[in-house]
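Q: Please take a close look at a single part of this structure: the ligand and its surroundings. What holds for the contacts, the shell and the space around them?

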Amino acid sequence: MSDTVPLHYEERGSGQPVLLLHGYPLDHTLWRAQMDALSDSYRVIAPDLRGHGQSLAPAGVYPMETLAADVTALLDRLGIAQAVWVGHSMGGYVALAALRTLPERVAGVILCASHPFADPPDKAQTRRDNACRALAEGTAAVVSGMLDMLFRPGTNLESIPAHRVRMMMLNTPPQGVAGVLLGMADRPDSVDLLRAPAPPKAIIAGRDDQIVRFADVQALAGQLPHLSLRVIDEAGHLPMIEQPDATTAALRDLLAYWKR
Ligand code: MLT
């Protein structure tokens, strides 16, 4: 894996390894409340994915498989053979890429405000256009309109949590924004990966998510008997920040159930 990027990360606790992967264009501090809570029983590792937070942002396309390989290289460095991969939104696409390409490293997958579908062509094209725009005009030109879509409708966007998220987004370098937008545009459909009973898989969904529609996730879960669905009320696309205790409880419940 010579082309992997060494990732900045935070690690806490001991026990079964649990990876917490953030979405686009955010960083590992998104999971602060869950790291604090779950590290009483688990070895929790939260990296900044390539192009985000304090990790490097090389030029070029970042396929989801490449982001998964970076995370696997981190697991290697930490001496961890297998982890439960918890992925928020794009982090979920990375967890699914790991399940496709490195299944032996995956003890379970929890998609949080995420889904397994590929982009429709118009969405993929918008991502490619925005990648060019980020490189030409900077990160703010692409991300500044995103904040109200991340939180549930009616959220005060001048609140401290919203300010934290705004700063995470603006801190993402243009090369990181472009790299993941191009990588997400090309990712394949992964619904088939969710059909197999092993390893265990679940979705945690915000009922008021404006990006990953709850109705779509609910319909998907209805078709896939091996996929657990946990719903977080009064949450949008950021349940770990909007309802931290309920999100932690859902994670704890799934992880404990899978350990039995
Ligand atoms: C994310 O939160 O990671 C993004 O909304 C994912 C996406 O754009 O598909």
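A: A polar contact here is a pair of N or O atoms within 3.5 Å. The model is predicted, and the distances below are computed from it.

With that cut-off, start with Tyr-93: an N or O atom in its side chain is 2.5 Å from an oxygen atom of the ligand. For Arg-127, a polar side-chain atom lies 2.7 Å from an oxygen atom of the ligand. For Ser-89, the corresponding distance from a polar side-chain atom to a ligand oxygen is 2.8 Å. On its own, the ligand has 270 Å² of accessible area, and the protein covers 95% of that.

Next, the shell. Ser-89, Tyr-93 and Arg-127 are among the residues around the ligand, as are Gly-23, Tyr-24, His-88, Met-90, Met-184, Ile-211 and His-237. Sorted by class, this shell has five nonpolar, four polar and one charged residues.

As for the space itself, the ligand sits in the largest pocket. That pocket has a volume of about 440 Å³. Its lining comprises 18 residues, and those closest to the pocket centre are Tyr-24, Lys-123, Arg-127, Met-146 and Ile-211. Of these names, Tyr-24, Arg-127 and Ile-211 also appear in the shell around the ligand. The lining has ten nonpolar, six polar and two charged residues.

Several helices build this lining. At least two residues each come from helix H3 (90-101), helix H4 (121-137), helix H6 (147-150) and helix H8 (174-185). The biggest share belongs to H4, which gives four residues.

A second pocket is worth setting beside it. The second largest pocket has a volume of about 170 Å³. It is lined by 14 residues, and nearest its centre lie His-115, Phe-117, Lys-123, Ile-211 and Asp-216. H4 and helix H9 (214-223) are the elements that give two or more residues to this second lining. Its class composition is seven nonpolar, one polar and six charged residues.

Lys-123 and Ile-211 therefore deserve a note: both are listed among the residues closest to the centre of the largest pocket, and both are listed among those nearest the centre of the second largest pocket. Ile-211 is in addition one of the residues around the ligand.

Terms used:
Residues numbered from 1 in each chain as written. Predicted model: local features only at pLDDT ≥ 70, side-chain atom pairs only at ≥ 80, totals over all residues. Heavy atoms only, no water. 1 Å grid on protein atoms, 1.4 Å probe; cavity = no way out; pocket = protein on both sides within 12 Å on 5 of 7 lines; lining within 4 Å. Points joined across faces, edges and corners; volume = space filled by probe spheres on them. Nonpolar A, V, L, I, M, F, W, Y, C, P; charged D, E, K, R; others polar. Near = heavy atom within 4 Å. Polar contact = N/O pair within 3.5 Å; in protein donor to acceptor, adjacent residues only side chain to side chain. Areas by Shrake-Rupley, 256 points an atom, 1.4 Å probe, with all protein chains shown as cover. Sits in = over half its atoms within 2 Å of the grid points.
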